[in-house]
Amino acid sequence: MRKVTILFNPMSGQRNRGADRLKDVEVALAVLRSAGVDADASATRGQGLAAEQVGDAIRAGCDVILAAGGDGTVHDVLQGFAEAPENVALGVLPFGTANSLGNELRIPRDAARAAQLALTATRRRVSVGEIQYRSCSGEMSMRLFSVVFGAGLDAAVFRTLRAEDKRWLGKYAYYAIAAKVWLTHPYSRFAVEWTDPFGNTRQEEVTQVLVARIGNFGGMLGRLVPGVSLGGEMLRAVLFKTKSRVRYAQYVLNATWFHHGLKIPGIEVVDTTHLRCQRIAGQSGEDGHSGVWMEADGELLGTLPAEVCIAAQRVTLLVPSRTR
């Protein structure tokens with residue numbers, strides 16, 4: 001680690017955290033500089049613009065970019081690594097409301113400890129997911145994701161969730177909105193096609209898909225998708241083929257609270273390298289909209305269709321020694 005840029009989201013976290021966020025960044029910078037690292041920091045310029053800042057940092061000679069914020073900040077910074085050189089690493093300083101990747105890497109929220117772990121972390125080449133999709137403006141786009149892709153109910157949660165909810169209630173806003181959406185969501189059906197590990201093409205009609213890249217989301221969600229390892233070479237997808245709210249609740253309770261893989265009727269876990277989601281002709285959409293919503297790493301993307309696969313280029317990730 002020679003030259004580092006911290007890209008931080010001053011708006012992440014709960015209310016009245018703006019000043020604290022700057023203090024956290026200053027503490028992290030002090031730790032890095034005391035170790036002889038050439039380090040600076042910049043606030044992210046807005047959603048979807050961090051990729052440009054990553055490019056600027058790489059051209060300026062940075063070999064580490066630390067994403068300081070929550071899942072959304074890490075997701076935005078990750079987009080700048082689509083064509084990043086192998087010697088440039090992505091690190092995480094978990095300062096946000098939801099810190100799923102930081103939790104998977106067992107990085108504490110304490111700024112000094114997180115920065116110290118970054119100094120001694122190992123560079124590891126990991127696979128990330130890639131989505132080809134239709135954006136909210138109707139254009140076909142591409143995004144990388146490091147935590148989760150979802151279409152259906154969970155995307156409806158993020159469509160309903162407001163920034164002020166997170167600032168006031170923190171992570172509990174997710175749980176409150178999720179409970180509300182669980183009770184009111186129409187569970188619209190859509191089609192999923194994938195290739196299983198034996199080369200067979202399969203198709204199903206589902207009401208939700210979850211594709212995970214990490215094994216432990218933290219908090220009440222815990223191990224939402226069982227058997228996932230960081231950066232694995234296969235996509236592990238949970239297919240919800242049921243419209244039963246009770247079955248949904250059973251799955252969440254089993255996966256997150258009891259940490260076991262009891263089979264729930266109408267819910268299937270599959271492994272694949274490529275998965276396609278698309279609307280079914282004649283099926284109604286969600287919330288008066290013509291499509292089924294989808295998200296990646298907690299960021300609302302748009303509506304189906306979408307294709308999900310393992311990205312062609314791996315990302316160099318800073319992994320603390322105790323996580324390996």
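Contact here means heavy atoms within 4.5 Å. Keep that in mind for the helices. And one caution: this is a predicted model.

Let's start with the sheet. It is open and has six strands, in the order E2-E1-E3-E4-E17-E5. The pairing is mixed. Who stands at the edges? Strand E2, residues 38-43, and strand E5, residues 122-126. Each has a single partner strand, so one side of each is left without a neighbour in the sheet. On average, neighbouring strands are turned by 30 degrees against each other, direction ignored.

Now look inside the sheet. Strand E4 covers residues 89-94, and strand E17 covers residues 315-319. These two pair in the parallel sense, over two bridges. To find the spot, take alanine 89: it stands opposite threonine 316 in E17.

Next, the helices on this sheet. Helix H3, residues 71-78, lies across strand E1 (3-8), strand E3 (64-69), E4 and E17. Its direction runs at about 150 degrees to E3. Helix H5, residues 111-120, packs on the sheet as well. H5 touches E3, E4, E5 and E17. With the direction of E4, H5 makes about 160 degrees.

On to a single residue: glutamate 268. You will find it in strand E13, residues 267-272. Is glutamate 268 buried or exposed? The relative accessible area is 19%. The cut-off for buried is under 20%, so glutamate 268 counts as buried. What does its side chain meet? The side chain of lysine 241, in a polar contact at 2.8 Å. Leaving aside neighbours within four places in sequence, the contacts of glutamate 268 are Arg202, Glu204, Ala237, Val238, Leu239 and Lys241.

Last topic, the aromatics. The structure holds four aromatic pairs. Take tyrosine 187 and tyrosine 248. Their ring centres are 4.9 Å apart and their planes stand at 65 degrees, so this pair is edge-to-face. It links distant parts of the chain, 61 residues apart. Tyrosine 187 sits in the loop between helix H8 (172-184) and strand E9 (190-195). Tyrosine 248 belongs to helix H9, residues 245-257. Both tyrosine 187 and tyrosine 248 are buried.

Tyrosine 248 also pairs with phenylalanine 240. That pair is stacked, with 4.7 Å centre to centre and 25 degrees between the planes. Phenylalanine 240 is buried too. Which residues make up the cluster? Tyr187, Phe240, Tyr248 and Tyr251 form one aromatic cluster.

That's the tour. Over to you.

Key. Residues numbered from 1 in each chain as written. Predicted model: local features only at pLDDT ≥ 70, side-chain atom pairs only at ≥ 80, totals over all residues. Heavy atoms only, no water. Pairing = 2+ DSSP bridges. Helix = DSSP H or I, 4+ residues; strand = E, 2+ residues; numbered from the N terminus. Axes fitted to C-alpha atoms, helices over the stretch in contact; angles between N-to-C directions. Buried < 20%, exposed > 50% of the residue type's maximum accessible area, 1.4 Å probe, protein only. Polar contact = N/O pair within 3.5 Å; in protein donor to acceptor, adjacent residues only side chain to side chain. Phe/Tyr/Trp six-rings, centres within 6.5 Å; stacked < 30°, edge-to-face > 60°.
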